[in-house]
Amino acid sequence: MYPHAFSYHRADSLEEATTLLRDLGEEARLLAGGQSLIPLMKIRLARPTALIDINFIPGLSGIQVDGNELRFGALTRHADIENSERVAAVPILHDCAAGIADVQVRNQGTIGGSLAEADPSGDWGAALLTQQTSVRCFGPRGERAIPLEDFVKDAYTTVLGHDELIREVIVKKPPKNSGGAYLAFKRSAPVYATVSAAVQLTLDGKDSCKDARIALGCVGLTVLRATQAEAELRGNKLDAETIQRAAEAAQDAAEPQSDMRGSAEYKRRLVSALVRRAVGIAARRARGECVEAAHEYVGR
Ligand SMILES: Cc1cc2nc3c(=O)[nH]c(=O)nc-3n(C[C@H](O)[C@H](O)[C@H](O)COP(=O)(O)OP(=O)(O)OC[C@H]3O[C@@H](n4cnc5c(N)ncnc54)[C@H](O)[C@@H]3O)c2cc1C
């Protein structure tokens, strides 16, 4: 199907983009990588009357290291993050980027577009929620930095005003003795995950967990923090029993729906299995081991 008719506008600065958003009205949309918006337009689930292309705005793409922060321009492509040496120091971010869809999507799709889309099945939402992440936004009233946990309001809904855009995504590098893992279970590469789990652990000594953050994707209207599962790990020795208790608590926190990707019960069990596995990888990374990890596919 062809998209509904729309006008195309190219913004050459952040100011021009916000002015265009204001002048073209509520039905105007920003165009970044187009990997969520264009498919929705083709099936006419999205019918914007105007597209404002932000790809020509200078300085909106790229990865900077600033002290203990990684700063991603909103237009930074998933593939740039996958292939970045700067990001390799935070393997959970590399693994998340490397498993998004296929090469074509990763070459076009952007980190800013993914967070703005706020798809509960999107990979970035879960992985970044386990990090100290803030979203730097630009609008006619100036700039504001919003912690990621406050950025998403509901499924496909953020706190962004209509004339506001994401300028940068800022991630604090994890502290010493910390490691993370992101595992998404997928039926094939170019589809969204059935369930995903992200874990970030900080160890106190070799085996004891000082701090934990766990986020679950695809099992709620938004990405969920599994806070009870985190509490099961925090302050405890990371033995099999503790990890099992955390996995069960994560399973209880999930609110999956049955759909073409699987039944609610199947997804709950996946949550438990993925959390157990991700905790194991995160703990080994926190101890300084180099552990390869990737998204998991049916039948592999
Ligand atoms: C076949 C296929 C498979 C996919 N599989 C996955 C997957 O497994 N995991 C996954 O995470 N994603 C997946 N995606 C989505 C992909 O990651 C997209 O790149 C991402 O969701 C949106 O980024 P984009 O840059 O393409 O945004 P666009 O499609 O250009 O925009 C998406 C929305 O965000 C808004 N927007 C874009 N940039 C900004 C900004 N800077 N500020 C404010 N609003 C903005 C747009 O107006 C639009 O409403 C898939 C896409 C396809 C086509």
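Ala249 is buried, with a relative accessible area of 11%. Buried means under 20% relative accessible area, so Ala249 falls inside that class. The model behind this value is predicted.

## Around Ala249

Ala249 belongs to helix α11, which covers residues 240-253. What does Ala249 touch, once its neighbours within four places in sequence are left aside? The contacts are Gln228, Ala229 and Glu232. Take Ala229 from that list. Ala229 and Ala249 are 20 residues apart in sequence, but their C-alpha atoms are 4.8 Å apart in space.

## A parallel sheet of three strands

Strands of a sheet pair through backbone hydrogen bonds, either parallel or antiparallel. One open sheet here has three strands, in the order β1-β3-β2. Its pairing is parallel. Which strands stand at the edges? They are β1 (7-10) and β2 (28-31). Each has a single partner strand, so one side of each is left without a neighbour in the sheet. On average, neighbouring strands of this sheet are turned by 25 degrees against each other, direction ignored.

β1 and β3 (residues 50-53) run parallel and are joined by four bridges. At one point of this pairing, Ser7 stands opposite Ala50 in β3. A helix lies across the three strands: α1, residues 14-24. Helix α1 runs at about 175 degrees to β3.

## A mixed sheet of five strands

A second open sheet holds five strands, in the order β14-β13-β12-β11-β15. Here the pairing is mixed. The edge strands are β14 (224-225) and β15 (296-297). Each of them has a single partner strand, so one side of each lacks a neighbour in the sheet.

β15 pairs with β11 (residues 178-186) in the parallel sense, over two bridges. In this pairing, Phe185 has Glu296 of β15 as its bridge partner.

## Antiparallel pairs around β5, β6 and β10

Now look at strands that run in the antiparallel sense. The table lists four such pairs.

| Strand pair | Sense | Bridges |
|---|---|---|
| β4 (residues 63-66) and β5 | antiparallel | four bridges |
| β5 and β10 (residues 165-172) | antiparallel | five bridges |
| β6 and β10 | antiparallel | six bridges |
| β6 and β7 (residues 142-147) | antiparallel | six bridges |

Start with β5, residues 69-73. Why is β5 described as largely enclosed by the rest of the structure? Four of its five residues are buried, so the rest of the structure largely encloses β5. Leu70 of β5 is the bridge partner of Val65. Leu70 also has a bridge partner in β10, namely Val171.

β4 and β5 form a hairpin with two residues between the strands. In this hairpin, Gly67 takes a positive phi near 60 degrees.

Next comes β6, residues 133-139. Six of its seven residues are buried, so β6 is largely enclosed by the rest of the structure. Thr133 has Val171 of β10 as its bridge partner. Val171 is thus a link to follow in the model: it is the partner of Leu70 and of Thr133.

β6 also forms a hairpin with β7, and two residues lie between them. Within the β6 and β7 pairing, Ser134 stands opposite Pro147 in β7.

## Two residues with positive phi

Most residues other than glycine have a negative phi, and most peptide bonds are trans. Tyr156 has a positive phi, near 60 degrees, and is not a glycine. Where does Tyr156 lie? Tyr156 is in the loop between β8 (152-154) and β9 (157-158). With 49% relative accessibility, Tyr156 counts as partly exposed.

Asn177 is another case. Its phi is positive, about 60 degrees, although Asn177 is not a glycine. Asn177 sits in the loop between β10 and β11. At 42% relative accessibility, Asn177 counts as partly exposed.

## The second largest pocket

Rolling a probe the size of a water molecule over the atoms shows where empty space is left. The second largest pocket holds about 280 Å³ of space. How many residues line this pocket? There are 16. The closest to its centre are Pro120, Cys218, Gly220, Gln257 and Asp259. By class, the lining has eight nonpolar, three polar and five charged residues.

Note on methods. Residues are numbered from 1 along each chain as its sequence is written. This is a predicted model: local features need pLDDT of at least 70, side-chain atom pairs count only at pLDDT 80 or more; totals for chains, interfaces and linings use all residues. Side-chain values use heavy atoms; hydrogens and water are left out. On a 1 Å grid over the protein atoms alone, a cavity is a set of points where a 1.4 Å probe fits but cannot get out, and a pocket is an open set with protein on both sides within 12 Å along at least five of seven lines; lining residues have an atom within 4 Å of a point. Grid points are joined across faces, edges and corners, and a volume is the space filled by probe spheres set on the points. Ala, Val, Leu, Ile, Met, Phe, Trp, Tyr, Cys and Pro count as nonpolar, Asp, Glu, Lys and Arg as charged, and the others, Gly among them, as polar. Two strands pair if DSSP finds at least two bridges between them. Axes are lines fitted to C-alpha atoms, for helices over the stretch in contact, and angles run from 0 to 180 degrees between N-to-C directions. Contact means heavy atoms within 4.5 Å. Buried means under 20% relative accessible area, exposed over 50%, partly exposed in between (1.4 Å probe, protein chains only).
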